[in-house]
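User: Hi! I have this model open at the bench and would like a close look at a single part of it, namely how the helices pack against one another. Could you walk me through that in one go?

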Amino acid sequence: MSYWTLNAVFLLAALAVGTAAAVRLKHRMRKVALAAAGGAAVVVLVLTAVFDNLMIAFGLFTYAPGMISGAKVGLAPLEDFAYPVAAVLLLPGLWILLDRRSATSKAGRQP
């Protein structure tokens, strides 16, 4: 199994959660949430690029050449960037979907 195959499972699950959360939000809040997620994605991807390259350069870990696509950002394989993307989709999505206050306020109850 290649890293992209493994990543696909997590990315599809994260995309499903992120999409469900975006659908739940009202239009104005959806724009705010998407802008925040975009900003977080930029920060996390830059940090991933910097620290993955440093860790690979210092020999802390390696990748089996047959398991990666060969596309790299510096020393880091492109596959490494799927995890931060999944986190940016999954974590805010879960936060929105599991927010009890918005669920109770929709039902007319006070938290």
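Analyst: Happy to. Let's begin with α1 and α3, which are roughly parallel to each other, because their axes cross at roughly 30° and an angle under 35 degrees counts as roughly parallel. Please keep in mind throughout that this is a predicted model. Helix α1 covers residues 3-24 and helix α3 covers residues 82-97, and their axes come within 8 Å. As for the hand of the crossing, α1 passes α3 in a left-handed manner.

If you want to colour this contact on your screen, select W4, L6, N7, F10, L11, A14, L15, V17, G18, A20, A21 and R24 on the α1 side. On the α3 side, the residues to pick are A82, Y83, V85, A86, L89, L90, G93, L94, I96 and L97. Sorted by character, the residues of this contact comprise 18 nonpolar, 3 polar and 1 charged.

One of the α3 residues in that list, I96, deserves a stop of its own. I96 belongs to helix α3 and has a relative accessibility of 18%, so it counts as buried, the cut-off being under 20%. Setting aside residues up to four places away in sequence, I96 touches A21, R24 and L25. Both A21 and R24 appear among the α1 residues of the contact described above. For a sense of scale, try the distance from I96 to A57: these residues are 39 apart along the chain, and their C-alpha atoms are separated by 38 Å.

Now turn to the other side of the story, α2 with α3. Helix α2 spans residues 27-57. The axes of α2 and α3 come within 9 Å and cross at roughly 155°, which makes α2 roughly antiparallel to α3, since angles over 145 degrees are classed that way. Here the crossing is right-handed. From α2, the residues taking part are A37, A40, A41, V44, L45 and T48, and they meet P84, V85 and V88 of α3. This contact is made up of 8 nonpolar residues, 1 polar residue and no charged ones. Notice that V85 is listed both here and in the contact of α1 with α3.

A useful marker on α3 is A87. With a relative accessible area of 32%, A87 is partly exposed. A87 and A41 sit 46 residues apart in sequence, yet 8.8 Å separates them in space, C-alpha to C-alpha. A41 is one of the α2 residues in the contact with α3.

Staying with α2, two further residues are worth clicking on. N53 is in this helix, and its relative accessibility of 17% means that it counts as buried. Beyond its neighbours within four places in sequence, N53 is in contact with T48, V73, G74, L75 and A76. T48 is also among the α2 residues that meet α3. K31 is likewise found in α2, but at 53% relative accessibility K31 counts as exposed. The C-alpha atoms of K31 and T19 are 13 Å apart, with their positions 12 residues apart along the chain.

Finally, go back to the start of α1 for the aromatic residues. The structure holds 2 aromatic pairs. In one of them, the rings of Y3 and Y63 have centres 5.7 Å apart and planes at 85°, so the pair is edge-to-face. This pair links distant parts of the chain, as Y3 lies in helix α1 and Y63 in the loop between α2 and β1 (72-73), 60 residues apart. The rings of F61 and Y63 form an edge-to-face pair too, because their planes are at 85°, with the centres 5.6 Å apart. Together, ring pairs join Y3, F61 and Y63 into a cluster. How accessible are its members? Y3 is partly exposed at 24% relative accessibility, Y63 is partly exposed with a relative accessible area of 21%, and F61 is partly exposed at 25%.

To pull the packing together: α3 runs roughly parallel to α1 and roughly antiparallel to α2, with a left-handed crossing by α1 and a right-handed one with α2.

Conventions. Residues are numbered from 1 along each chain as its sequence is written. This is a predicted model: local features need pLDDT of at least 70, side-chain atom pairs count only at pLDDT 80 or more; totals for chains, interfaces and linings use all residues. Side-chain values use heavy atoms; hydrogens and water are left out. Axes are lines fitted to C-alpha atoms, for helices over the stretch in contact, and angles run from 0 to 180 degrees between N-to-C directions. Helices (H or I, at least four residues) and strands (E, at least two) are DSSP runs, numbered from the N terminus. Angles under 35 degrees count as roughly parallel, over 145 as roughly antiparallel, 65 to 115 as roughly perpendicular and the rest as oblique. A crossing is left-handed if the near helix is turned anticlockwise from the far one by less than a right angle, and right-handed if clockwise. Contact means heavy atoms within 4.5 Å. Ala, Val, Leu, Ile, Met, Phe, Trp, Tyr, Cys and Pro count as nonpolar, Asp, Glu, Lys and Arg as charged, and the others, Gly among them, as polar. Buried means under 20% relative accessible area, exposed over 50%, partly exposed in between (1.4 Å probe, protein chains only). Rings of Phe, Tyr and Trp (its six-membered ring) pair if their centres lie within 6.5 Å; planes under 30 degrees apart count as stacked, over 60 as edge-to-face and the rest as tilted.
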